[in-house]
Amino acid sequence: MNTPSPSESARPGSHRDREIVEARVIVTCPGRNFVTLKIVTRSGVYGLGDATLNGRELAVASYLQDHVVPNLIGRDAGRIEDVWQFLYRGAYWRRGPVTMSAIAAVDVALWDILGKMAGLPLYRLLGGRSREGALVYAHANGRDIGEASDEVGKYIEKGFLAVRAQCGVPGVKKAYGIASGGRPYEPAESELPAETVWNTPRYLETVPRLFERLRADHGNGVELLHDVHHRLTPIEAARLGRDLEPHRLFWMEDATPAENQTSFEIVRRHTVTPLAVGEVFNSIWDCKHLIENQLIDYIRTTIVHGGGITHIRRLADFAGLHQVRTGFHGATDLSPVTMGAALHFDTWVPNFGIQEYMFHAEETDAVFPHDYAFRDGRLHVGDTPGHGVDIDEALAAKYPYAPKQLPVARLEDGSMWDW
Ligand code: KDG
Ligand code: MG
């Protein structure tokens with residue numbers, strides 16, 4: 001499709017070798033749903049990209065299968081930037097989580113192919129190692145403050161240097177972030193959304209008590225984080241940030257919905273608790289005002305929902321100009337393919353902050369063999385060429401798609417609220 005220039009035709013990895021001959025969308029549910037794109041070149045070298053959008057998986061699978069894959073066949077897998085621009089500009093309809101997750105899947109698969117053809121791990125293609133490992137934070141949650149504190153203690157014993165803590169709120173049925181039935185926390189648990197009830201005043205009085213207790217039980221040697229999950233208005237978030245100041249949080253996350261980026265000015269004006277936001281963003285345009293006005297400290301948009309490495313690299317560079325650091329989303333709905341790609345990015349990116357890390361289910365790890373490993377509070381990538389994550393397609397086929405949606409939240413009077 002693209003005419004090779006003379007230098008592009010030179011082996012190894014000639015234009016003919018790099019020609020995309022097949023692209024397959026693989027939907028599998030080993031513990032939870034994942035959408036994976038496998039792009040195969042004429043040489044047989046293939047790359048993998050994650051396209052999982054929690055609760056809306058099949059929308060991205062169709063976007064890829066019906067609208068993207070036919071455009072890939074015959075194209076040069078080495079023209080990563082051109083393919084990105086083709087899928088973004090060429091679609092006319094820009095941005096949005098479905099589009100950007102689909103573009104990300106293609107982009108990450110092409111970077112994976114480039115790494116494999118060059119015989120280099122992805123972090124080396126990006127510019128090489130900036131650190132020995134990526135600081136990660138784990139998720140501790142409990143039905144009450146005592147149980148949450150015990151959980152934080154367990155993660156510290158496992159070697160974690162940073163822990164996110166959430167606890168039940170008295171009188172609130174199914175508060176965000178709390179596991180049910182002794183299972184690991186997994187929000188998308190039912191075919192139709194579970195209804196949860198929200199009460200802001202009770203939450204605002206509980207959370208400072210949680211962190212007071214955590215500092216009393218565990219001291220100041222551990223980084224503590226908290227996710228508000230978009231539940232507060234800007235002035236309520238400002239109040240919580242101020243109440244948390246004595247407990248020195250690493251960050252307060254998603255304090256208020258951020259479609260209106262200027263709303264963070266209110267939060268920022270009133271508190272020095274560091275702010276993180278952006279796991280639901282999908283473009284640099286979702287955070288331009290937040291970053292250039294230094295209204296946040298950490299940007300959470302990760303590879304899969306933000307258009308892949310090609311776009312997130314631009315976002316991270318822009319953030320770096322304003323002393324905003326990365327703090328990539330890494331819940332269980334980000335597949336090991338995203339985790340692998342994100343960790344290579346974390347290993348390189350100069351303005352790295354932290355990486356979220358929730359353990360995947362054993363079945364997930366078996367379907368997606370990978371070479372990253374946890375050691376001493378950090379995740380370490382391996383030196384396998386590409387992003388270091390593969391898929392066992394035969395095993396994946398044993399776990400058919402199972403529809404699951406994220407919960408919704410209502411106030412006690414029945415009004416819909418932000419989940
Ligand atoms: O798909 C939604 C989850 O990834 C999200 O609820 C988890 O907020 C989350 C987090 O910070 O990990
Ligand atoms: Mg979050």
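This tour walks through the boundary between two domains of one chain. The model is predicted.

**Stop 1: the two domains.** Select residues 6-123 and colour them as domain 1. Then select 125-384, which the domain assignment gives as domain 2. Place a centre on the C-alpha atoms of each domain: domain 1 and domain 2 lie 27 Å apart by that reckoning.

**Stop 2: the interface.** Show the residues that touch across the boundary. On one side are 35 residues of domain 1, in contact with 42 residues of domain 2. Switch to a surface view. About 3,000 Å² is buried between domain 1 and domain 2. Carbon and sulfur atoms give 62% of that area.

**Stop 3: polar links.** Which side chain meets Arg32 in a salt bridge? Select Glu186 and show sticks: its side chain pairs with that of Arg32, at 2.8 Å from N to O. In total, the rule finds three salt bridges across the interface of domain 1 and domain 2. Turn on polar contacts as well. Between the two domains, 21 residue pairs are in polar contact, counting pairs with both residues at pLDDT 80 or more.

**Stop 4: the domain 1 face.** Stay on the side of domain 1 that touches domain 2. Select strands E2 (34-41) and E3 (46-50), then helices H4 (80-89), H5 (97-118) and H6 (122-126); each supplies at least two residues of this side. Which element gives the most? Zoom in on H5: it contributes eleven residues, the most to this side.

Finish by colouring this side of domain 1 by class. Expect 20 nonpolar, ten polar and five charged residues.

Key:
Residues numbered from 1 in each chain as written. Chains lettered and ligands numbered in written order. Predicted model: local features only at pLDDT ≥ 70, side-chain atom pairs only at ≥ 80, totals over all residues. Heavy atoms only, no water. Domains from an automatic or database assignment. Contact = heavy atoms within 4.5 Å. Buried area = accessible area lost by both parts, 1.4 Å probe. Salt bridge = Lys/Arg side-chain N within 4 Å of Asp/Glu carboxyl O. Polar contact = N/O pair within 3.5 Å; in protein donor to acceptor, adjacent residues only side chain to side chain. Helix = DSSP H or I, 4+ residues; strand = E, 2+ residues; numbered from the N terminus. Nonpolar A, V, L, I, M, F, W, Y, C, P; charged D, E, K, R; others polar.
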